[in-house]
Amino acid sequence: MNARRDLTEAVRELASTMAVTDVDDPDMAQAAATVRALTKLLRERQLDDVPRTPYDEAVGAPHYGWHLDNPALPGLAMLFEDGRATASIPAGLGMVYAGPPGKLHGGVGALLLDVILSSLVQHHAVRAVTASLTVDYRVATPLDVPLRLTAEIVGRSGRKVETVGALWWGDVATVEARGLFVAVP
């Protein structure tokens, strides 16, 4: 693991821990001061954008990482084969992504599905933007359990690419989505 990825994981752990901590106010104040000092250190040199896999490297690649180095988002390592995409989140998503008590916020499920669907379209050498994403919430997605995502392209017509995908907890599709992507120059 490189240093950036290690720092990303550490910040994700911090965010998850902070979301549910109940330490005393003096300890919270000390933690806030420490985090601000670290933020100052990291601001000394900044990139113009979040690091990501260049588009041309993602096309046709069997693996693709999405925001693996951005601690504000759950990183996904995707696998592409047989015209489909899959991704696993072995440890699940923690409290920092909570909506109702003990459950994943619905917007996070929609985000993850938009990511895997759009990445699949990109994998097939189509530079496209999301035109429409229809999300159906089937069952509340629990936190801190292994999850996986699936995606496939179901149609193409001119500049339009139609996709379907799902977020799974075991054998249960907790969230399903249909995405329409439109190719852009």
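What follows is a walk through the fold, the pockets and a few surface details of this predicted model.

Starting with the overall layout, the protein chain carries four helices and seven strands. Going along the sequence, the order of these elements is α-α-α-β-β-β-α-β-β-β-β. The C-alpha trace of the protein chain covers about 60 × 40 × 25 Å along its principal axes. Of the 185 residues in the protein chain, 31% are buried.

Now for the pockets. The largest pocket holds about 940 Å³ of space, and 23 residues line it. Arg4, Leu7, Leu42, Arg43 and Pro71 are the lining residues that sit nearest its centre. Two elements, helix H1 (3–20) and helix H2 (25–42), give two or more residues each to this lining. H1 is the top contributor to the lining of the largest pocket, supplying seven residues. In terms of chemistry, the lining of the largest pocket splits into 13 nonpolar, six charged and four polar residues.

The second largest pocket comes in at about 540 Å³. Its lining is made up of 22 residues, with Glu9, Arg12, Ile89, Gly92 and Leu93 nearest the centre. At least two lining residues come from H1, and at least two from strand S3 (84–89). H1 again turns up as the main source, since the largest share of the lining of the second largest pocket, six residues, belongs to this helix. By class, 12 residues of the lining of the second largest pocket are nonpolar, five are polar and five are charged. H1 thus has the biggest share in the lining of the largest pocket and in that of the second largest pocket.

On the surface, Leu7, Val11, Leu38, Leu41 and Leu42 make up a nonpolar patch of about 430 Å². The elements behind the patch are H1 and H2, each of which gives two or more residues. Here H2 provides the largest share, with three residues. Two of the patch members, Leu7 and Leu42, also appear among the residues nearest the centre of the largest pocket. Another patch member, Leu38, is placed in helix H2. What is the relative accessible area of Leu38, and does that make this residue buried, partly exposed or exposed? The value for Leu38 is 47%, so this residue counts as partly exposed. The reasoning is simply one of cut-offs, because partly exposed covers whatever falls between under 20% for buried and over 50% for exposed. A residue also needs over 30% relative accessible area to join a patch, and Leu38 has 47%.

Last come two backbone details in loops. Asp82 is not a glycine, yet has a positive phi of about 55 degrees. This residue lies in the loop between strand S2 (76–81) and S3. Is Asp82 buried or exposed? Its relative accessibility is 77%, so Asp82 counts as exposed, the cut-off for that class being over 50%. S3, at one end of this loop, is also one of the elements that supply the lining of the second largest pocket.

Asp144 likewise has a positive phi, near 55 degrees, in a residue other than glycine. Where does Asp144 sit? Its place is in the loop between strand S4 (128–137) and strand S5 (147–157).

Methods:
Residues numbered from 1 in each chain as written. Predicted model: local features only at pLDDT ≥ 70, side-chain atom pairs only at ≥ 80, totals over all residues. Heavy atoms only, no water. 1 Å grid on protein atoms, 1.4 Å probe; cavity = no way out; pocket = protein on both sides within 12 Å on 5 of 7 lines; lining within 4 Å. Points joined across faces, edges and corners; volume = space filled by probe spheres on them. Nonpolar A, V, L, I, M, F, W, Y, C, P; charged D, E, K, R; others polar. Patch = residues over 30% accessible without salt bridge, like charges linked within 9 Å, V, L, I, M, F, W, Y side chains within 5 Å. Areas by Shrake-Rupley, 256 points an atom, 1.4 Å probe, with all protein chains shown as cover. Salt bridge = Lys/Arg side-chain N within 4 Å of Asp/Glu carboxyl O. Buried < 20%, exposed > 50% of the residue type's maximum accessible area, 1.4 Å probe, protein only.
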